[in-house]
Structures are given as structure tokens and as C-alpha cells.
Amino acid sequence: MSTQHSTAPAPNALQSRALRDTLGQFATGVTVVTTCDTSGNPLGMTVNSFNSVSLDPPLILWSIDRQSLGYEAFTKQPYFAVHILKADQQHVSNLFAGRGADKFGQVRWHEGPEQVPILEDCAAYFHCRLYNCVEGGDHTILLGEVQDFKAEGGEPLVFHRGCYRSLSADD
Ligand SMILES: Cc1cc2nc3c(=O)[nH]c(=O)nc-3n(C[C@H](O)[C@H](O)[C@H](O)COP(=O)(O)O)c2cc1C
């Protein structure tokens, strides 16, 4: 894992809140990233830090909180999938942002290559090989090399200032 140490002073709670609020001005899509643990159990979490990186080689990135229950699996398992959610999949985002519950019992999915769970009815998915992990403070940045992908299309789910939005809504 690549490492870089910060020289910035630790922010107080107020500054952290202000930073989060300011970062929240940036509108993103919403994805669910999936993999399986060493026993073959499916794992998934909601992620909006997804972004494109490179076309040659084809790379994407997302970042995972080091406190996440899925941290060990996502930073060690060699494959994962990223699913871009549609506007009508807010419930899927909420489900995979929660802890504990049987997430995969409540959505349609099938097992893809390398046992990676593939969620159905999403706008698009990318099946990736873990390419590199980069330390990023309280998060770790995962780079994935795209092995396969498919776009179904449809209106995307949008996240902005802590709320779900849709492109057609005029709020
Ligand atoms: C819209 C949205 C975006 C999120 N993006 C991220 C993210 O990019 N990285 C992350 O670590 N957690 C993110 N989260 C929080 C995780 O989905 C949440 O902590 C989840 O419970 C982690 O699952 P786990 O702890 O069971 O592994 C996001 C949550 C929401 C609602």
C-alpha cells in the first residue's frame, strides 16, 4: 500500500462538520460495491466515492472507511464489482448503507465471475480486479482494473448535500 503522511493540524468537530458540508456540495452518483469474504459470503456497501481514473489500463477508484465491517474483505479479496444505482433504487442504497441485516436476501442478484455478487436492475456495473490500495487517512483508496462491464441505462440516483436527488426533480 502506498503511504503519505499529513502535515495538516487535526480538525476540531466544527471544522470536520464544515468540511463535510462543503464536500457535500459536490453532486455524485450512488453505487453499491460487492465482493465475497473468504467463506464465499456476499458482502456489499453503498459508496459515492466512486470515480473513473484511466482508460489504458482501464481503472476506477473508490474509497473505504477503515472502520467499515467489510474493510478486510474489500482490501484483500482480488475481485469486486461496482453497481451504479438508478433513481428508483434509493431503498437499495439505504439497505447497503446499513449494518448487519441480510442485505442480499432483499435484492435480486446472481453470482458473477470469481464468486462476486452481481446486483440486478442497476444502471451499470463494472467487474474489477483489485489493482492497488492507497492509504488515504481514515479511508483507503481502492483502485480497480475493469475486467468486464455492462450498461443498462436509465435515470441515475444522485446524492447531493446529504440527500438523494434525481436529475428530473426541480429541487
Ligand atoms: C450515499 C452514501 C454514500 C456512501 N459512500 C461511502 C464511501 O464512499 N465509502 C465508505 O466507506 N462508506 C460510504 N458510505 C457509508 C457506508 O455505506 C456504510 O458505512 C456501510 O454501513 C458500510 O458497511 P459495513 O460497515 O457493513 O461494511 C456511504 C453511505 C451513503 C448513504
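Which residue in β9 is the bridge partner of Phe-80? It is Cys-128. The legends below describe close-up views of a predicted model.

**View 1. The pairing of β6 with β9.** Strands β6 (79-84) and β9 (124-136) are antiparallel to one another and are joined over six bridges. Within this pairing, Phe-80 has Cys-128 of β9 as its bridge partner. Cys-128 also appears among the contacts of Val-82. Apart from neighbours within four places in sequence, Val-82 is in contact with Thr-31, Val-33, Phe-50, Ile-60, Trp-62, Tyr-125, Phe-126 and Cys-128.

**View 2. The open sheet of seven strands.** In this sheet the strands follow the order β3-β2-β6-β9-β10-β5-β4, and the pairing is antiparallel. The edges are formed by β3 and β4, each of which pairs on one side only. From one strand to the next, the twist averages 35°. Strands of a sheet pair through backbone hydrogen bonds, in either a parallel or an antiparallel manner. Helix α3 (90-97) lies across β2 and β3, and runs at about 115° to β3.

**View 3. The β9-β10 hairpin and the pairing of β10 with β5.** Twelve bridges connect β9 with β10, and the two strands run antiparallel. One bridge pair consists of Glu-135 and its partner in β10, Thr-140. The two strands form a hairpin with two residues between them. In the turn, Gly-137 has a positive phi of about 65°. Strand β10 (residues 139-151) also pairs with β5, in the antiparallel sense and over seven bridges. Here Ser-63 stands opposite Ile-141 of β10.

**View 4. The largest nonpolar core.** This core contains 28 residues. Val-32, Val-33, Ala-81, Val-82 and Leu-85 are the residues with the most contacts inside it. At least two core residues are supplied by each of β2 (31-36), β3, β5, β6, α3, β9 and β11 (157-160). The largest share comes from β6, with four residues. The contacts of Val-82, leaving aside neighbours within four places in sequence, include Val-33.

**View 5. The shell around the ligand.** Eighteen residues surround the ligand; Thr-46, Ser-49, Asp-65, Leu-69 and Gly-70 come nearest. Strands β3 (42-47) and β5, together with helix α3, each supply at least two residues of the shell. The most is given by β5, with four residues. Sorted by class, the shell comprises eight nonpolar, eight polar and two charged residues.

**View 6. Leu-69 and its surroundings.** Leu-69 is one of the residues that come nearest to the ligand, and is located in the loop between β5 and α2 (71-76). Why is Leu-69 classed as exposed? Leu-69 is exposed because 12 other C-beta atoms lie within 10 Å, and a residue with 12 or fewer falls in that class. The C-alpha atoms of Leu-69 and Arg-99 are separated by 8.2 Å, although the two residues are 30 residues apart along the chain. Asp-102, in the loop between α3 and β7, is 33 residues apart from Leu-69 in sequence and 14 Å apart in space, C-alpha to C-alpha. Asp-102 is likewise exposed, with 8 other C-beta atoms within 10 Å.

**View 7. Backbone features in three loops.** A cis peptide bond, with omega of about 5°, joins Asp-56 and Pro-57. Pro-57 is placed in the loop between β4 (51-55) and β5 (58-65). Gln-115, a residue other than glycine, has a positive phi near 65°. Gln-115 belongs to the loop between β7 (109-111) and β8 (117-119), and is partly exposed, with 14 other C-beta atoms within 10 Å. A positive phi, near 70°, also occurs at Asp-121, again a residue other than glycine. Asp-121 is found in the loop between β8 and β9, where Asp-121 counts as partly exposed, with 15 C-beta neighbours inside 10 Å.

Conventions:
Residues numbered from 1 in each chain as written. Predicted model: local features only at pLDDT ≥ 70, side-chain atom pairs only at ≥ 80, totals over all residues. Buried ≥ 20, exposed ≤ 12 C-beta atoms within 10 Å, placed from the backbone. Near = placed C-beta within 6 Å. Nonpolar A, V, L, I, M, F, W, Y, C, P; charged D, E, K, R; others polar. Core = buried A, V, L, I, M, F, W, Y, C linked by C-beta atoms within 7 Å. Contact = placed C-beta atoms within 7 Å. Pairing = 2+ DSSP bridges. Axes fitted to C-alpha atoms, helices over the stretch in contact; angles between N-to-C directions.
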